[in-house]
Amino acid sequence: MTPRPLSHAIHATVLVLIAGCSSSEAVPQDEIQPAAAAAPASTDVPPATSAICQASRSWITDPTEPSEVASSETFCDFYQFSWQWFLAQVSPADPYNPAGDRVFETNRVVDPAGGPDQCTGPALTGRAVAARLLDLRDPKPVDFETDQADGNPLYDQSGNVLYYNMWYSPEECQATSTGFVAGTMEIKTAWRVLPAADPGYFTMQATLPSGDAPVTLGLVGFHLVNWTSRHPEFIWASFEHKANAPLCDGSDAGSGWSLASDAAAACLAANPQPGGGSISPACASYDFNAPPQNVPNPTPPTGPADNICRLFANGNQPGTAVNGNDNAANLAAIQQLNAALVGPDGMLTTLPADDPMAVWANYEMIGGLWTKNGAASGNSPVPSAGGPGDPDSPQRGSLELTNMTMETYEQGPTSAIPNCFGCHGYTPETPLTVSHIAERFLLPEATTANGKAK
């Protein structure tokens, strides 16, 4: 598959680069570490500047995993941090065997049927193990983590359901009731059955529970979650395959989407909704973003194809959020890094086809989420089913962050969980409840009793 061009985000980035735009979020002077550069004024509205959020080729050739976000804590700093971790995790674990496991596949795999206290058992690692422990969405989920955020299955345009894995770093097993430790990381991956070999996807072979013959699965979604000492709420970053779904506003409809038919995408293009956040009533017949109805339990491996579109590019509503989050600056940082790494002339895009990192040119960062100063996540700053946006919310980044493969049906103001913190609320008093994986699969009850998720 030829890498799809990035959505209108890249074209917007070109304008940003010409006009000059800040990608920073200012922090108070007393929050800057001694070695950091001078801090901007104490405000959430960054000053006008021509600063550009830059990537480094060393992230690909010599990947490293920073232990902390740069102390200036700009939007750019958070996204550089997450891209570095992503590229390090998707690099070959053995440079002499680029066809072998990637680094993320050497982490421990959650057994969705394995019960709690999995840290005490043998470590389950590797691509082959992950292929055996695939999980599909269940209309009556045990918990949010093992499937879609609301439990509803998602069927691609070939009528195949999506499958999932969860991974965690060994450091997560060192958690105590007082919190996690440095190096704690979680990854959730989403996969679709590929109808034919496609070099545009990172793939693995798996025999599905419903069949006898192995199939090729293509990676379509990748959640990356990092704990740091300054951000115990976790830094949430999300990546997707570029061919997943178009924007609902019709600006990048195109064709060949995995999660929307060509006719449905054409309807969006013919009925644009400038500004985002809505779907034209003229396209109601395509039933965009509506979960399947009357799905049997257990979930069938095949079913009617869904039509999915993304309400907000990179999880951003236009304008400044009610809590002071500068959505435009956040958007610029994401788009600038996407352009530098996976745009038409990006560092990954221009790699030779036989380079093991070249396949990642077909993926892009969707956005990220964290809180200011690592505070308790609080209420949502965007309107949701729970009420209007909270102007005192400490949440920062892509406030409408949803991955089309994992939170497909939880977009917009009708959702009760408009972003990651809707399910993964963080409070310092019960620091482990932010992770459903740790609470429900990894740690003994004696460790988690003070913050046991209900």
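**Exercise 1. Confidence**

Task: State the mean pLDDT of the protein and the share of its residues that reach 70 or more, then find where pLDDT stays under 50.

Solution:
1. This is a predicted model. The mean pLDDT of the protein is 85, with 84% of its residues at 70 or more.
2. One stretch with pLDDT under 50 covers residues 1-50. The model nevertheless has 107 contacts beyond four places in sequence for this stretch.
3. Residues 449-454 also stay under 50 in pLDDT, and eleven contacts beyond four places in sequence are found for them.
4. Where pLDDT is low, the predicted coordinates should not be read in detail.

**Exercise 2. Overall content**

Task: How many helices and strands does the protein have, what percentage of its residues is buried, and what percentage of the contacts with a separation of 6 or more joins residues 24 or more positions apart?

Solution:
1. The secondary structure consists of eight helices and nine strands.
2. The protein has 454 residues, of which 57% count as buried.
3. Among contacts with a separation of 6 or more, 68% are between residues 24 or more positions apart.

**Exercise 3. Strand S3 and its partners**

Task: Work out which way the residues of strand S3 point and which strands pair with S3.

Solution:
1. S3 spans residues 163-168, and six of its six residues are buried.
2. Tyr163, Asn165 and Trp167 point one way, while Tyr164, Met166 and Tyr168 point the other way. Both sets are buried.
3. Strand S1 (residues 108-109) runs antiparallel to S3 and is joined to S3 by two bridges. Here Arg108 has Tyr168 as its bridge partner.
4. Strand S2 (residues 135-136) is likewise antiparallel to S3, with two bridges. Asp135 stands opposite Tyr164.
5. Strand S4 (residues 185-193) pairs with S3 in the antiparallel sense over six bridges. Within this pairing, Tyr163 stands opposite Trp191, and Asn165 has Thr189 as its bridge partner.

**Exercise 4. From S4 to S6**

Task: Are the residues of S4 buried or exposed, and how many bridges link S4 to strand S6?

Solution:
1. Nine of the nine residues of S4 are buried.
2. One side of S4 carries Met185, Ile187, Thr189, Trp191 and Val193, and the other carries Glu186, Lys188, Ala190 and Arg192. Both faces are covered, with charged residue types including Glu186 and Lys188 on the second side.
3. S4 and S6 (residues 215-228) pair in the antiparallel sense over nine bridges. Arg192 of S4 stands opposite Gly218 of S6.

**Exercise 5. A loop residue**

Task: Where is Ala243 found, and why does Ala243 count as buried?

Solution:
1. Ala243 is in the loop between strand S7 (231-241) and helix H5 (262-270).
2. The cut-off for buried is under 20% relative accessible area. Ala243 counts as buried because its relative accessibility is 0%.
3. Tyr201 is 42 residues from Ala243 along the chain, and their C-alpha atoms are separated by 10.0 Å.

**Exercise 6. Packing of H3 and H6**

Task: Describe the crossing of helices H3 and H6 and the residues of their contact.

Solution:
1. Two packed helices are described by the angle between their axes and the distance between the axes.
2. The axes of H3 (residues 75-89) and H6 (residues 327-342) come within 9 Å and cross at roughly 35°. The crossing is right-handed.
3. H3 contributes Phe75, Cys76, Tyr79, Gln80, Trp83 and Leu87 to the contact. From H6 come residues including Ala329, Asn330, Ala333, Ile334, Leu337 and Asn338.
4. By type, the contact residues are eleven nonpolar, three polar and no charged.

Methods:
Residues numbered from 1 in each chain as written. Predicted model: local features only at pLDDT ≥ 70, side-chain atom pairs only at ≥ 80, totals over all residues. Heavy atoms only, no water. Axes fitted to C-alpha atoms, helices over the stretch in contact; angles between N-to-C directions. Helix = DSSP H or I, 4+ residues; strand = E, 2+ residues; numbered from the N terminus. Left-handed = near helix turned anticlockwise from the far one by under 90°. Contact = heavy atoms within 4.5 Å. Buried < 20%, exposed > 50% of the residue type's maximum accessible area, 1.4 Å probe, protein only. Pairing = 2+ DSSP bridges. pLDDT = per-residue confidence, 0-100.
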